[in-house]
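Biologist: I would like to learn how to read a protein model. Could we go through one together?

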Amino acid sequence: MTSRININTHNQYKSPGVVRGMLSGDALVQLREWFDHAVQNGVEEPEAVNVSTVDKAGIPNARIVLSKSISRLGVSFYTNYRSAKGNELASVPYCAMTYHWRYPHTDAHTHTQRQVRLRGRVVQAPVHESHAYFNGRSEESRLGAYASRQSSVLPPLNHADDGKQTLLQQLKAEKDKSSPISHSSPDFWGGYILVPFHVEFWSGQPSRLHDRFLYSRDPQDVEKALPADAATPIESVDKVADAVEKVPWTIDRLSP
Ligand SMILES: Cc1cc2nc3c(=O)[nH]c(=O)nc-3n(C[C@H](O)[C@H](O)[C@H](O)COP(=O)(O)O)c2cc1C
């Protein structure tokens with residue numbers, strides 16, 4: 001094994017250019033437009049998004065999840081509320097999200113790529129939405145959600161086990177407990193919605209002169225319309241969106 005890998009690529013980007021006149025006045029409308037464009041142009045798994053949280057000590061933690069909606073309020077994803085990210089959001093209810101879309105019609109040297117970065121407050125999705133999403137999952141996925149204590153260590157059952165047997169045992173115990181598996185989500189599992197204060201749209205351009213537009217709105221004004229923490233589900237996405245949408249966006253071009 002070599003002791004070092006040097007990465008000497010010099011990628012060039014040539015994505016559709018962006019000028020201010022093309023942009024919606026609302027960041028979430030603009031995000032839906034770009035998401036739709038990525039879907040229409042064959043970007044693979046465009047819903048995959050990096051979610052970064054911080055722990056109590058302020059140390060960042062990042063992972064990929066699948067976003068499940070982009071609404072007037074924000075971007076939702078589903079997870080275990082007692083996972084590492086769930087615990088982090090319970091103590092610091094903010095996160096950053098990053099989409100990276102690589103378009104398939106690119107050659108070896110010229111890539112079409114876009115990035116969208118969001119930062120803001122996280123709230124729990126309405127309980128009825130979590131149940132509805134959970135209800136649409138397969139029996140195996142529902143069983144997995146009930147059985148998994150996501151992010152906790154799986155102690156080995158014996159010297160030949162690396163922890164997998166413990167997981168299988170937990171799955172079996174859950175299956176024996178309730179069959180068929182409930183269509184209602186467990187109370188430790190459900191949706192989060194990132195309500196953004198800042199959204200940046202990045203389009204890769206030749207010679208690193210990328211187009212970047214940053215949408216910003218007042219975090220304090222947005223937070224006035226939200227529950228005080230990320231552990232209290234909101235009742236209605238539309239009702240909260242009605243209040244949050246009153247906070248105006250400003251749009252600035254950023255230096256590449
Ligand atoms: C493509 C992809 C999609 C994923 N989707 C989800 C998801 O929607 N929800 C989720 O909880 N974890 C998802 N994961 C797993 C997370 O990256 C992570 O391993 C898990 O949520 C535990 O993270 P945590 O320990 O920071 O809480 C996905 C991973 C990948 C690579």
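Modeller: What follows goes from the whole chain to its domains, helices, strands and one loop residue. Keep in mind that this is a predicted model.

Biologist: Where do I start? How many helices and strands does the protein chain have?

Modeller: Start with the overall inventory. The protein chain has 7 helices and 10 strands. Its C-alpha trace spans about 60 × 55 × 40 Å along the principal axes. Of the 256 residues, 30% count as buried. Among contacts with a separation of 6 or more, 71% are between residues 24 or more positions apart.

Biologist: Which domains does the domain assignment give?

Modeller: A domain need not be one unbroken stretch of sequence, as this case shows. Domain 1 is made of 12-136 + 187-253, and domain 2 is 137-182. Their C-alpha centres lie 31 Å apart. Each side gives residues to the contact: 7 from domain 1 and 7 from domain 2. On the domain 1 side, these divide into 3 nonpolar, 3 polar and 1 charged.

Biologist: Is there a record that covers part of this chain?

Modeller: An unreviewed UniProt entry annotates residues 189-256 as "domain: Pyridoxine 5'-phosphate oxidase dimerisation C-terminal". In the model, that stretch is 19% helix and 37% strand, and its end C-alpha atoms are 39 Å apart.

Biologist: Now a helix. How do I read which way its residues point?

Modeller: An α-helix has 3.6 residues a turn, so residues three or four places apart point the same way. Now apply that to helix α4, residues 139-147. Its buried residues are Arg 142, Leu 143, Ala 145 and Tyr 146. They lie on the same side of α4 because they cover an arc of only 160° around the axis. Glu 140 and Ser 141, on the other side, are exposed.

Biologist: What do the buried residues of α4 pack against?

Modeller: They pack against α3 (127-135), α5 (164-177) and β8 (189-203).

Biologist: Let me try α3. Which of its residues are buried?

Modeller: Glu 129, Ser 130 and Phe 134 are the buried ones. They fall within an arc of 130° seen down the axis, so they line one face of the helix. The face turned away from that side carries His 128 and Asn 135, which are exposed. The cover over the buried residues of α3 includes α4 and β8.

Biologist: β8 has come up for both helices. Why is β8 described as largely enclosed by the rest of the structure?

Modeller: For a strand, count its buried residues and then look for its partners. In β8, 13 of the 15 residues are buried, so the strand is largely enclosed by the rest of the structure. As for partners, strand β4 (residues 75-80) runs antiparallel to β8 and is joined to it by 6 bridges. In that pair, Phe 77 stands opposite Tyr 192. β7 is also antiparallel to β8, with 11 bridges, and there Gln 115 faces Trp 202 across the pair. Strand β9 (residues 211-216) pairs with β8 over 6 bridges, again in the antiparallel sense. Phe 201 of β8 stands opposite Phe 213 in β9.

Biologist: And how do I read the two faces of a strand?

Modeller: List the residues on each face, then ask which face is covered. Strand β5 (residues 94-102) is the example here. Its covered face holds Cys 95, Met 97, Tyr 99 and Trp 101. The uncovered face holds Tyr 94, Ala 96, Thr 98, His 100 and Arg 102.

Biologist: Which strands are joined to β5?

Modeller: Strand β2 (residues 48-54) is joined to β5 by 3 bridges and runs antiparallel to it. Asn 50 stands opposite Thr 98 there. Strand β7 (residues 113-124) is joined to β5 by 9 bridges, also antiparallel. In that pairing, Ala 96 is opposite Arg 119.

Biologist: Last, a loop residue. Is Pro 186 buried or exposed?

Modeller: Neither label fits. A residue counts as buried with 20 or more other C-beta atoms within 10 Å, and as exposed with 12 or fewer. Pro 186 has 18, so it is partly exposed. Pro 186 sits in the loop between α5 and β8. Leaving aside neighbours within four places in sequence, Pro 186 is in contact with Ala 145 and Tyr 146, two of the buried residues of α4. Pro 186 and Asn 80 are 106 residues apart in sequence, but their C-alpha atoms are 9.1 Å apart in space.

How values were computed
Residues numbered from 1 in each chain as written. Predicted model: local features only at pLDDT ≥ 70, side-chain atom pairs only at ≥ 80, totals over all residues. Helix = DSSP H or I, 4+ residues; strand = E, 2+ residues; numbered from the N terminus. Pairing = 2+ DSSP bridges. UniProt positions renumbered as here; feature names shortened; annotations may be inferred. Domains from an automatic or database assignment. Nonpolar A, V, L, I, M, F, W, Y, C, P; charged D, E, K, R; others polar. Arc of directions from axis to C-beta.
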